[in-house]
Amino acid sequence: MKPRLLSVLLALWCLLCTGVRVGALPAVVRVGFVYFSAANDMAWTWRHNQGVVQMHTMLAAMLPDLRVVTEYKENVPDPGPCDPIFATWASQGFDLVVGTSSGYQDCMISAAAQYPNTTFLHISGWKTATPNFGVGYARLYQPQYLAGYTAALVSQTGVLGVLGPVPIPQAIREISAWVLGAMAARPNVTVHVAWTGSWNDPPLEDFVTTQLCSLGVDVVNVRTATVQGHIAANRLGIMSTGYSSDFRMVAGESVLVSATYTWGALYIPVAMTVVNHTFAKYMGPAGLRNWLPGWDAGAVALTDLSFMVPPAVAVEVANETKRVMHGGAYGDTVFCRRIVDTTGRLVTGGACLDDPAVLNMTWLPSAALDHGQWNLPGRTCGAGTYGVFDLSTFIVNCLPCPPGTVSVNTDTASECVGCPQGTFSAGNTSQCTPCRSGTYGAVANATQCVPCPPGTIAASAGAWECVA
């Protein structure tokens, strides 16, 4: 565990345990984690699992008589219907239930109201609820600012891109910080922002990254929760910056740098308050039961820079880190500057934004060009049509398939393909029609079948020749 994180947690432990008798501690603490993807996804959920290990290790060292039992359920969809696991675990006497995706929020609030003896921690939420419900996250906007700063200095074109997920305040504030970092390094930078509307949609992430590249983007900030945007960027010959994990493990040195979490910095103190029954008394700076550890607590960090970052840029990034990662109300000055949003509204003239403003952020800085949510052509267009993505309007135009062809619309393709011999198409359809009895189709891409010559017959429907 990082020395910075260890020292902070030790100090917090002393604070939380003041006046708590050993006899008052429970023998067992049961904690459940709900994940939207696989625990070994090498991205968002994998980092959470590492935090669970850190929690186990620290509690075992500090409270050897306490047994910590953890369970997790993976691949719980977000968005999706309310999963019963939250209420099920609470009904079974779990002490702490953690949901790690934004879409679980209302479901968890409902379960918290029903089971007041279980503590619920929602990662990336923003709503208030009962005393046993809290929201937790980390100040990832801090290293995201530095990642944007790095991207702008490395870029050859001055045109950057963002592969955005669901446009909730959590994602918006981190993307805004990334854009502000880019603007600090390069005031005339342009940042194209496109949203997928999902945390985990590899085909769409690949498509959006490809289209951003077509706009001249040479560094893309991948803010979705899978590796696909980085893989696509590497394939396209452009660079990327990541979030949550060090994606060089899967995409190589084209990943310039990543902003990462150490979730143990959140899970350990939260578990401590559950153990000594102080969770409901804790109020964060936004007036919520809000846990937002940051750079100074070792909860967030910037990975080592890729060797594709020039040494001179590395020096500038180090200097900017010293300038920005101190001061302010929360240990940084990321949102302590004059900020104008994309509508021209003055957000702040230089005063630091407070946590309520940061937590509920709905705007992007002026350098961002917000293109809204994009979709795959194959998911947009219906039978008999194919999709063409228009880079001037950022929408999919559905066009009819010409005669002799039929539509194929999938996650990876939207096209019209020719009909094989023995079939035909009059156009605007998704199925080729077999030639009827007495007719044949000798060529592919036929718009109609022709009658068999006198003295010959077609052996069956769909024939490509007639025989005597």
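Reader: Which helix gives the largest share of the lining of the second largest pocket?

Author: In this predicted model, the second largest pocket has a volume of about 280 Å³, and 15 residues line this pocket, the closest to its centre being P116, N117, T119, V274 and H277. By class, its lining is made up of 8 nonpolar, 6 polar and 1 charged residues. The largest share of that lining, 3 residues, is contributed by helix α10 (residues 264–275).

Reader: How many disulfides does a search of the whole structure find?

Author: A disulfide is a covalent bond between the sulfur atoms of two cysteines. Among the pairs in this model are C82 with C107, C336 with C352, and C401 with C416. Taken over the whole structure, the search gives a number of disulfides equal to 7.

Reader: What is the handedness of the disulfide of C82 and C107?

Author: The sulfur atoms of C82 and C107 are joined at an S to S distance of 1.8 Å. The torsion about their S-S bond is about 60°, and it is from this value that the handedness follows, so the disulfide is right-handed.

Reader: How many residues apart in sequence are the parts that the pair of C82 and C107 ties together?

Author: The disulfide in question joins C82 to C107. C82 is placed in the loop between β2 (67–73) and α3 (85–91), whereas C107 belongs to helix α4 (residues 105–114). The pair therefore ties together parts whose separation in sequence is 25 residues.

Reader: Is C107 buried or exposed?

Author: The cut-off for buried is under 20% relative accessible area, and that for exposed is over 50%. C82, at 53% relative accessibility, counts as exposed. Its partner C107 has a relative accessibility of 12%, and therefore counts as buried.

Reader: Which residue in β14 is the bridge partner of I339?

Author: Strand β13 (residues 338–340) and strand β14 (residues 346–349) run antiparallel and are joined by 3 bridges. The hairpin of these strands has 5 residues between them, and G344 in this hairpin takes a positive phi near 90°. For I339, the bridge partner in β14 is T348.

Reader: Is T343 buried or exposed?

Author: T343 is found in the loop between β13 and β14, and its C-alpha atom is separated by 28 Å from that of A138, a residue 205 places away along the chain. With a relative accessibility of 66%, T343 counts as exposed.

Reader: How many residues apart in sequence are the parts that the pair of C336 and C352 ties together?

Author: C336 and C352 form a disulfide with an S to S distance of 2.0 Å, and with 115° about the S-S bond this link is right-handed. C336 lies in the loop between α11 (311–324) and β13, and C352 in the loop between β14 and α12 (355–359), so the parts tied together have a separation in sequence of 16 residues.

Reader: What volume does the largest cavity have?

Author: The cysteines C336 and C352 are both among the residues that line the largest cavity, including also Y141, F335 and L353. Its lining divides into 8 nonpolar, no polar and 2 charged residues. The volume of this cavity is about 70 Å³.

Reader: How many polar residues does the lining of the second largest cavity have?

Author: The second largest cavity has a volume of about 60 Å³, and its lining includes F36, W44, Q170, W199 and Y243. By class, this lining has 5 nonpolar residues and no charged residues, and the number of polar residues is 5.

Reader: What relative accessible area does Q144 have?

Author: Q144 is placed in helix α5 (residues 141–154). Leaving aside residues up to four places away in sequence, Q144 touches E174, A177, W178, N221, R223, G242, Y243 and A259. Q144 is buried, with a relative accessible area of 0%.

Reader: What is the handedness of the link of C401 and C416?

Author: The sulfur atoms of C401 and C416 are 2.0 Å apart. C401 lies in the loop between β17 (395–400) and β18 (405–409), and C416 in strand β19 (residues 414–418), so the pair ties together parts that are 15 residues apart in sequence. With -85° about the S-S bond, the link is left-handed.

Methods
Residues numbered from 1 in each chain as written. Predicted model: local features only at pLDDT ≥ 70, side-chain atom pairs only at ≥ 80, totals over all residues. Heavy atoms only, no water. Pairing = 2+ DSSP bridges. Helix = DSSP H or I, 4+ residues; strand = E, 2+ residues; numbered from the N terminus. Disulfide = S-S within 2.5 Å. Buried < 20%, exposed > 50% of the residue type's maximum accessible area, 1.4 Å probe, protein only. 1 Å grid on protein atoms, 1.4 Å probe; cavity = no way out; pocket = protein on both sides within 12 Å on 5 of 7 lines; lining within 4 Å. Points joined across faces, edges and corners; volume = space filled by probe spheres on them. Nonpolar A, V, L, I, M, F, W, Y, C, P; charged D, E, K, R; others polar. Contact = heavy atoms within 4.5 Å.
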